[in-house]
Amino acid sequence: MIKIYKSMVCIMLVAPISSTVYAEELKATEVKIENVVEVEKVENSVEEIIEVEGDSEEWLEDAVEAEPEEEVILEGYENLGSLIFKSSAVSSKIAANEKGEYFIYYIMHGSPAALVVVSYATKEILHTFTLEDSKSAWGLDVDENGKLWVGGSVSSTLYSYDPNSEEFEKHGAIFSNKSDTSIQDLIVSGNKVYAGSAYGGSLVAFDTETKEIEEFGQIRKRREFVKAIVADEEKDEIYVSIGSPMDLLVKKPKTKNFTSFLPSKYMSEKYAQDLVLTEDYIIARLHPSNLAVIFDRKTLKVVDEFELNSKTVSVLSPNEDALYYTKAQQLIKYDLETKEHTELGVYLPKGTEAISLDFIIKETPTLEQEIQDNSKDKILKGALDAFGKEIRIGSTLPVTGHPIDKGIPSEGDVVIEEPIEEEPKEFVLSGMVDNLGQHFEYNPQTGEMTYHQFELPEQPVELYTLASSSDGKKIFANGYMSGGLGVYDVQTGNKELYRNISQIESMFDINNKLYIGAYPLARLLVYDREKEWSTGNPKEVIRMNQYGQERTTAVAPYNKGKEIIFGTLPDTSVGGGALAFYDTTTEKMEIYENYIYNQSIVSLVSRGTQVFGGTSIHANQQVNPRGARLFYFNRSTPEDKKYIHLPFSASMVTSLIVDKDNKVWGMADGKLFVYTDEWTDVKTVELLPLISGRFRNAQILENVDGFIYGSVEGKLFKVTKDTLKVEWLKDKGVYGLEKDLNGNLYYYDGSNLWKYTIEQNRKVKENEKR
């Protein structure tokens, strides 16, 4: 049923965001962008940017309030501020206002994100607007008046910027389903803004005049993304790409339902990351394959397909029945009528591809403008003044047959207008090629290619993964999407920032080395902290994507760090996550593929010769109907694993630790459990009935005061070990959890690192030293 409502509601955010995320890895002198969505900045030419669309997690916390609450800092809590800053452009669009003045619009990733407005003519930054309640935004489109509409993440917030009045406006959340936390795409057609979401996979239409919202609901069951949208308000047609796996659907005039038209040969794709509409065709840019598929709008049959590397194809060229795209860094024109591809012989910077493609129309002077500029032509100007009503401004002069020079009609003459052929429009093609905001400009009339670089403002980056050094003197923090490694010195309060590293899924410090599971490509990195951070340090050990893995979601030491154990989350094409052992002396890898069938390994810990692990039911973009598993094995026989029965069902088993009494503690969804051995029952206590996420939502640790501390769904708690009595310390804003050498706790909330001082821990620590 379609519902219409007017009010913008505040929603509780309980599901992780998926998105299109840029990530970056260390590699000298080369910049590389593959599909687009996550961003990174090149520093001193020592990095490689790898961009991956669609799967990066965004861990959500508070409700979006109608009025921002004044921050109240409780006793014992201290905001240490932001650790990571980055200038990372995640998306871009070029469009004109009503006067024909063009602007470049950038979305800067951050916590919060920002909209940057640049004058195309002067290349000056005109405005920077904060996108409250959003950390990224991928949906950008303009209406017929040149007004920009922006779809945000975290709370499905809609924004707009009017370049005619220079007014920025926040319209609030436009999805009522609490699972719809991120606007993945939006398109404007007529007076409707159509927006698609993740994770609820819903579609809405926002009326720009009445502000009413029409809800179409979830397009297909068990499909989390509405990844791309195009609409034709005049023909009453809406096309959507959903996933994962992919489907393409259309809603035709006077129908209520969406109908699939995706051929079976493309059903293994995740989704179409972009859709482009022309009068006769719809073009789908598939992901993860590098294919553009062209469908006939009338028959919905495939008429052509071709390979490309750009994130999208352009809209229809102003003068030609043609589209533009890039492949192997070269700009190529595709003729829709002949289906021919023309290599234009101009190239983007090494290792890059087009992220966006927009046309800029260069207006030719009208007759009125030409006359105003020609001060010598007094007679012609006078004739224009006299016969302005009969001469169509912007066209050539009418033919009258009068013998007067220049075709000037005399009084009484009959003006006979002949059909005027529209002059070809002069235009340039422009687009963003990297997350630095670099734009190319190609002039098809001259064949020239130029580039423009901007100093875009840095934004504070939301933190994503925390770790502490083995001596408790350093806290390490990584940034969501934009990466970077921030280091906080517990004793001095000093902060350091290492920029050239991507998003980190897991990390562990032992023996002065930080072992890192980096995203994308499930890379294993080793940072030797006794050496300078530079090219080659961190050192890449292996890329587990060759085994079908996407994220390294668990890391733990074995035998005092002589080996490091990794667990992974698979992408597509394999059954389950891999279990890997890295020998820190020989630097050799021992890998066990598909270790738990069709599940991911998301937590690991060792106890003597035993290794314990926990899984998530999320793998291969699917949900395993069987519950998450808690398992263990002896290091000498990893293939001989045994399962520990938990007295409840769970979707993931996270954050395993071994306490000083040699007991194994863990979180399974919203439940805390403790396991001693196979002859002892598993003890549990429920903390929360519902949880969010796919592979992490909780972190636990044992502190020097003898209590178990943890964070789950943004809440901080303390548990008495023998009775499992739970005490809640903070009810929101606590993500990740680490401790320092004094037993004080560290966590993050958005881009800020926080400290919770536990005074009794200082006394315990002092007594231990005596």
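These notebook entries record what I looked up in a predicted model of one protein.

**Entry 1. Overall content and confidence**

I began with the whole chain. The protein has 770 residues, and 59% of them are buried. Its secondary structure comes to 3 helices and 62 strands. I then looked up the surface: about 32,300 Å² is exposed, with 46% of that area supplied by carbon and sulfur atoms. For contacts with a separation of 6 or more, I noted that 50% are between residues 24 or more positions apart.

I checked confidence before turning to details. The mean pLDDT is 85, and 81% of the residues reach 70 or more. Over residues 1–70, however, the pLDDT is below 50, although this stretch has 313 contacts in the model beyond near neighbours in sequence. I also recorded residues 365–411, where pLDDT stays under 50 and the model has 43 contacts beyond four places in sequence. Where pLDDT is low, predicted coordinates should not be read in detail. I therefore leave the geometry of residues 1–70 without further comment, given their pLDDT below 50.

**Entry 2. Nonpolar cores**

Which residues have the most contacts inside the largest nonpolar core? I found Tyr106, Leu331 and Phe440, in a core of 31 residues. The elements that give two or more residues to this core are β6 (89–96), β7 (102–108), β8 (113–119), β29 (358–362), β30 (426–432) and β31 (439–443). A second, separate core has 24 residues, including Leu115, Phe129, Tyr480 and Phe695.

I followed Phe440 further. Leaving aside neighbours within four places in sequence, its contacts include Leu331, Leu348, Leu357, Leu429 and Met449. Ser356, Ser430, Thr450 and Tyr451 are also among the residues that Phe440 touches.

**Entry 3. Strand β19 and its two partners**

I next examined β19, which spans residues 237–243. Is this strand mostly covered or mostly open? It is mostly covered, with 7 of its 7 residues buried. Glu237, Tyr239, Ser241 and Gly243 point one way from β19, and Ile238, Val240 and Ile242 point the other way. Both sets are buried.

On one pairing, β18 (residues 225–232) runs antiparallel to β19 over 7 bridges. Within this pair, Asp232 stands opposite Glu237 of β19. The hairpin of β18 and β19 has 4 residues between the strands, and there Asp236 takes a positive phi near 55 degrees.

The other pairing I looked up is with β20 (residues 247–251), which runs antiparallel to β19 and is joined to it by 5 bridges. Tyr239 stands opposite Val250 in β20. These two strands also form a hairpin, with 3 residues between them.

**Entry 4. The sheet β46-β47-β50-β51**

I then traced an open sheet of 4 strands, which has the order β46-β47-β50-β51 and antiparallel pairing. β46 and β51 (642–644) stand at the edges with a single partner strand each, so one side of each has no neighbour in the sheet. Neighbouring strands of this sheet are turned by 30 degrees against each other on average, direction ignored.

Why is β46 (residues 600–607) largely enclosed by the rest of the structure? The reason is that 7 of its 8 residues are buried. I noted this beside the edge position of β46 in the sheet.

β46 and β47 (residues 610–616) run antiparallel and are joined by 7 bridges. Val605 has Phe612 as its bridge partner in β47. The hairpin of β46 and β47 has 2 residues between the strands, and Gly608 in this hairpin takes a positive phi near 65 degrees. On to the next pair: β47 and β50 (residues 630–634) pair in the antiparallel sense over 5 bridges. Here the bridge partner of Gly613 is Phe631 in β50.

**Entry 5. The sheet β42-β43-β44-β45**

My last look was at another open sheet of 4 strands, with the order β42-β43-β44-β45 and antiparallel pairing. Its edges are β42 (549–558) and β45 (589–592); each has a single partner strand, so one side of each is left without a neighbour in the sheet. From one strand to the next, the twist averages 20 degrees. β44 (residues 579–583) pairs with β45 in the antiparallel sense over 4 bridges. In this pair I recorded Ala580 opposite Ile591 of β45.

Note on methods
Residues numbered from 1 in each chain as written. Predicted model: local features only at pLDDT ≥ 70, side-chain atom pairs only at ≥ 80, totals over all residues. Heavy atoms only, no water. Buried < 20%, exposed > 50% of the residue type's maximum accessible area, 1.4 Å probe, protein only. Pairing = 2+ DSSP bridges. Contact = heavy atoms within 4.5 Å. Areas by Shrake-Rupley, 256 points an atom, 1.4 Å probe, with all protein chains shown as cover. Core = buried A, V, L, I, M, F, W, Y, C linked by side-chain atoms within 4.5 Å. Axes fitted to C-alpha atoms, helices over the stretch in contact; angles between N-to-C directions. pLDDT = per-residue confidence, 0-100.
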